[in-house]
Structures are given as C-alpha cells and as structure tokens.
Amino acid sequence: MVSGISTINKETGALECHKEFTSKEKLKTLVYQYPDQASAYIANVIVDAIQTANNQNKPLVLGLSAGSTPTTVYDVLIKLYKEKKVSFKNVITFNTDEYYPISRKRIQSYYRFMQENLFEHIDIQQNNIHFLNGEVESQEELDKHLLDYENEIKSVGGIDLLLLPIGKRIGFNEAGTSPKSVTRLVDLEQNTRIDAASDFFGVDHVPHHALTMGLQTMYQSKKVILVAFSEGKASIVQKTIEGDQTISIPSTIFQQHNNTELVIDEAAAVEITRCKAPWTIHSTGAPIVIKWTPILARKAVIWLSLKLSKPILKLEEEEYHDNNLSSLIKTYGPCPNLNLKVFRYLQSTINGWPGGRPIPPQVQPSSPKLSSSTQNLSPPNRLGPLPVQVQNDQWDTDILSQQPISKRVIVFSPHPDDDVISMGGTFIRLCDQGHQVHVAYQTSGNIAVWDDDAIRFANFASEFAKLFNLDDKAKAQSKAIEDGVEDFIRSKEPGQPDSKQIQMIKGLIRQTEARAGARYAGVEPHRIHFLDLPFYETGAVKKKPLGEEDIEIMVKFIESVKPEIIFAAGDLSDPHGTHRVALKAILAAIERLKHNDWMQECQVWLYRGAWQEWEPERIEMAVPMSPHELMRKRMSIFKHQSQKDVPAFPGTDKREFWVRAEDRNRATAKIYDKLGLTEFEGIEAFVGWTIDNKFGTNPI
C-alpha cells in the first residue's frame, strides 16, 4: 500500500491500519480503495439489517438520500435483489430532502430520482415509501405535511439505519443549522443553488427553497452511515473526522452519535492525518511503526521542506528528528542521502519532451572544429553532460531542430475542452515536437451550452444559406430549424431537457470550438475525433451507466491508432461524474487490448482536470512551461468561446477555466521552486498508469 501504514484487504478492498493511526479521528472511519468497494460494503450492511429485522418479525426503517454518491449503493442493492439475496417487502423508507416547490415528474425531483434509481427495480411496497412533497401548495398544508412527516417517523419507532452523503451540507441543512432542528422548509444558500445549477440547466431555474429532515431528526437514527467519495470531498471529510464539532460543519454533529461510521474511498481520505502525515501521530502506547515506502518518504520530505520553507537539499538531520521523522532517517538516511534521493527524483520528473527525448546528435570524428581531445567522445556512450568544448562547438546548433522519434499519441478528452484546459501546454509541445497526435473527444459536452448560443448559431445557419444563395430547399430547411429552435426555447420549462435538434446544435458548437483549439495546438484535421459515447447523450446531467457500446467504440478507436502513448483524464472530482465514466471506458478498452504487443508497449499518462492537481510526491512527469508557452495554452482555451466569460456550469469557483488552469500550473511550479528545483512559469503534472500495475502504484 502506498501510504506505508495500511494493508489492503484483497477480498473487500478495505484499507486496514493499526488503531494508533486513527487516534485523531473522532468518528469510526472505513476507507476503501474505490467507491464500488465502499458501496458494496454499505449495501451488505443494509441487507444484513433487513435480515435481522425480518428475524425479529419487524420492518426495517431506512433513511435514504438522492444524489450521485449513494447511486452506486442502490445499484448493488438492485443487483442483490435480482439475485434473490434480499427482499424489500418488509422495508419502510423515509427520504431526507426535496426541492421546493417542484413537480414529482421533473427530472430534478428527488422523488423521481429515487423511483428511477431504486424503487422501480425492487419489491418494496409503495405505501412503505415516504417522501417530502415538493408539490404541496399552501403554507398551511405545508406546515401540516412537515409535522406529519416528523410524526410518521416517530410512529414507526424512528429510523433504524440512515444512509447520509456528506458535504458542505447534509440533506439541505446548511452551515449554521441548529442541532435541534427538525423537518422543515429552508432557504437555499446561493452556493447551494450554484452547485445544483447543472441539474437545472442554469442557476436561475434552481428553486430557492427546499424541504429537509432536521439535524435532530437525523441524529435520532439508531445507526448512521455517512458516505463521501472523490478528492472533492477530502477537505470536508477531514473536518468531519478530525475537526471540532461546530454548526458551521453540520456533519460534525455525528461525532457524538453512539453508532455512526463514515465510509469513504481512498481519494476522499487524502486529507486525514493517517493518510496525509501519519508521522505526526504520537503513540499512546508502543511506538508506532511506519513502513516507509519511496512515495511516503517523498511525501514526508516534501512536507518538511514546505513546512520549514527550506529547499530539500538544505534540510538537516536535527530537523527530521524534531518533526518525528527519525524512523525515516533510519530507513533511508543518512540525511544528505535522503535529501538527494528525493531531490533527484523530483528533478527527474521535469521533462520538456513528453513524447520522448530526441536522440543526441552524433559528434563526427572528422569534424575540423573538434580538437583531438574531444574527437573520441561519442555523446550517446557518455554519462552526464557533454564536455564544455563539445557544447561550445555545438553552440550554433538549432535546438528546435533536434526532434525525437515521432510517436503515435492519443490525447483523450472527456469534455471538448479538457485537453487544452488540463494539458494544453503538453498538447502543444507534442505537436511542436513532431508527434502524430490524435485527440479524441469522448463526449459532446452539449448540455454546457447556453440556449442563446443555440439560437444564435441556428440564425447564423439560416443567414448563411441566404447570403450564399443556397437552393430554396436548403433555405427553407435552415429557416425551419431556426424557427423550431426559437419556439422550443421560448416555451421551454425550467430544467427541461433540450430537444434532439437543439442537442445536435449545441454539440456542433462544442465540436467546432474543439476543432479550433486542436488546430491551434497543431493537430492535423484528420486526427481530430469525436467519439460521442452513448452514455452521455441523455440530454440531461444524469447520464446512463457505462455500457458495452461505449467500450466497443473505445476499443475500435484505440485499435485503429495503435498508440505508443495515451494521455487520459485521471481526476475523479468532476461533480457530474463524466470524467470518472470516461476513464472507466478507456481502462476497460485497454484491458481488452492488453494482450496485443503494441498495447503492452504503450505508455499511459493521467492528467487532472480543472479541479485540482496531483500531489507533488506522486508526480512522475512534470512538463514545464515558459511565459510564452503558458500564453499559447491560454489562447487554445480561448477557442472554446461558449465556455468563456460565464460558462453554463461554472460551479462555486467564479474564476474562468483559463484562470483556474493558469493558477494551478503556477502553483505547481511554485512548489517545485520552493523545494529548490528550477523555477518555471508553470508546470503540468502527470502520473503514469501501467497496464499490469506491476509496481503497485496506479492511482486509479
């Protein structure tokens, strides 16, 4: 295990460690490698609870939530039901929250979500399902409904098992909610509405209110399973587990609950002390033993360097001892050796040739410019830098003309702009250095286009037909399309999915922008590919599960290129899950193709998206950028005009995507600078992924 303090249970995927490493944790916390494994555990806990209740001849009362986090749990429950391993006939459910007002027919309704994602697929009795009702109209009726909901929970003996995703809020209990709150109507904070904007196709369509169980109602549950997945939840997970109980973080109330556990994946655990800095945990008994691994050693040395604001090569042995790192010195010391190992590792990651370095020019012995003392020095057979005289003799050589062997490269981009936002500098370098770069856009990204843009482009097509005097049929068709687009959008209900016609227009807008960005980077037009994976094409934010058709498309495409290098989005913090599914499609295709010789030789590099960067100890390739190169990256991002200024779904981060990208690239470069390495304007970071994971270091 990478952390050096945990072992992986091969059957369950649970990360198990000595209890001393959890001494700072105020909640029982179970960490799993992947969300699917964590979901299987939760589903089995629910099944066991149902069977226990059945044995006691009483119903099990479940508290459930909507949203992307528990969806995988519901998938496992459905699977277990179909395998006849569980029945839900004796289960009563209460959902925690609902938007208000909202029709139960709307795709954003939590009522509809639960029906489509769980209840329609199991044998639960409909009269045992309880929802907060977003359709209640009068205040008097609403007050009665909320009181009745609270009383219904009490009438069945309270909630036996509550499944509760955590974030900045729980249910719709925002920061500042009283621990004594009960089921009620609440105002939604603007940040909550912004978070939900993509589900409703714009923040203006998000309701201003919601109905929610209160914290007291939730706290009275007999057992509570809190759950969080992905890097984006890491900060709130750490505060929930290790922070003080505070109303500013509602989930901390469960630190005092006598039967609560938090179930998370490894990505969500990166900020808790046992994962982030286990050497800072002081034993209450026998000395804590850390099994130091290279990656954990790098993590500790980088931590110490940044904490003390000293370059790595200036760290002294006393400073290791003073910071509880004596065992690290004992394992990898003495101190100068350890410092040098970490420094050289980080130095080796800096690579301006992401497709491979050029073959050094041969020094011709007959060259009249070389003295007899240098004629016998053949650069490829030497270790270290060339002699000064040889470097001087080659001073006039055009560095840019020294190109590496051209390789076949695929850059996979989940959305049409992830390539330039996340690795635009590397993308441009690969093209500049003569590689055969293919870019494959996995999804259309059509839901992230404003309705106004669809109208504008439909109008453009109509005017184009008139301007160039196309035939009457073309003019009539383009005008009919324009009128149809305007009519649909004019009568469109808030949050209503687009018509197929509008989806196609919005997809075309994203396609033309992607082509412009790729061409600017230097990609040949015939190497720009749009895969339009079917899982994405629902017209709504909620996507279909990854299917066989998606994987077959990926297999055929990869097979057609036979790449020597693949770049893919490896971050899992995309709030809508597209990156996660897109990566699964790539890895599934690679799994099917791995027996081919060319696939065995293929390098796979993972980049991260607009949300965050790889931790410095995990970086395996750091591609540096000069101010000019960072500006070229910015210009390639600017080609995506529909995402410029105010994108349809910006999230709570109000910065434009190009600003986020540059800030992140500069921050990574600043870390390298602080550690004592070369200072660059920006750095794009990558982590390798090996087909057979023979080194056990795959991050995904």
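**Exercise 1.** In this predicted model, determine where proline 101 lies and which residue a cis peptide bond joins to proline 101.

*Solution.* Begin with the position: proline 101 belongs to the loop between β6 (97-100) and α3 (110-117). Next, inspect the peptide bond between tyrosine 100 and proline 101, which is cis, with omega at about -10 degrees. Then turn to the loop between α11 (326-332) and α12 (335-349), where proline 334 is found. A cis peptide bond joins glycine 333 to proline 334, and its omega is about 5 degrees. For context, most peptide bonds are trans.

**Exercise 2.** Classify lysine 84 as buried or exposed, and do likewise for serine 230.

*Solution.* Lysine 84 sits in the loop between α2 (68-82) and β5 (91-95), and its phi is positive, near 65 degrees. Its relative accessibility is 75%; because exposed means over 50%, lysine 84 counts as exposed. Serine 230 sits in the loop between β11 (223-228) and α7 (234-242), with a positive phi near 85 degrees. Its relative accessibility is 10%; because buried means under 20%, serine 230 counts as buried.

**Exercise 3.** Describe the surroundings of aspartate 419 and identify the nearest side chain of opposite charge.

*Solution.* First, locate aspartate 419 in helix α14 (residues 418-432). Second, list its contacts beyond four places in sequence, among them Val411, Phe427, Tyr441 and Tyr607. Third, examine charge: aspartate 419 is buried and has no salt bridge. The nearest side chain of opposite charge, arginine 510, is 8.1 Å away. Since a salt bridge requires a separation within 4 Å, this pair does not qualify.

Definitions and conventions. Residues are numbered from 1 along each chain as its sequence is written. This is a predicted model: local features need pLDDT of at least 70, side-chain atom pairs count only at pLDDT 80 or more; totals for chains, interfaces and linings use all residues. Side-chain values use heavy atoms; hydrogens and water are left out. Helices (H or I, at least four residues) and strands (E, at least two) are DSSP runs, numbered from the N terminus. Buried means under 20% relative accessible area, exposed over 50%, partly exposed in between (1.4 Å probe, protein chains only). Lys and Arg count as positive and Asp and Glu as negative; His and the chain ends are not counted. Contact means heavy atoms within 4.5 Å.
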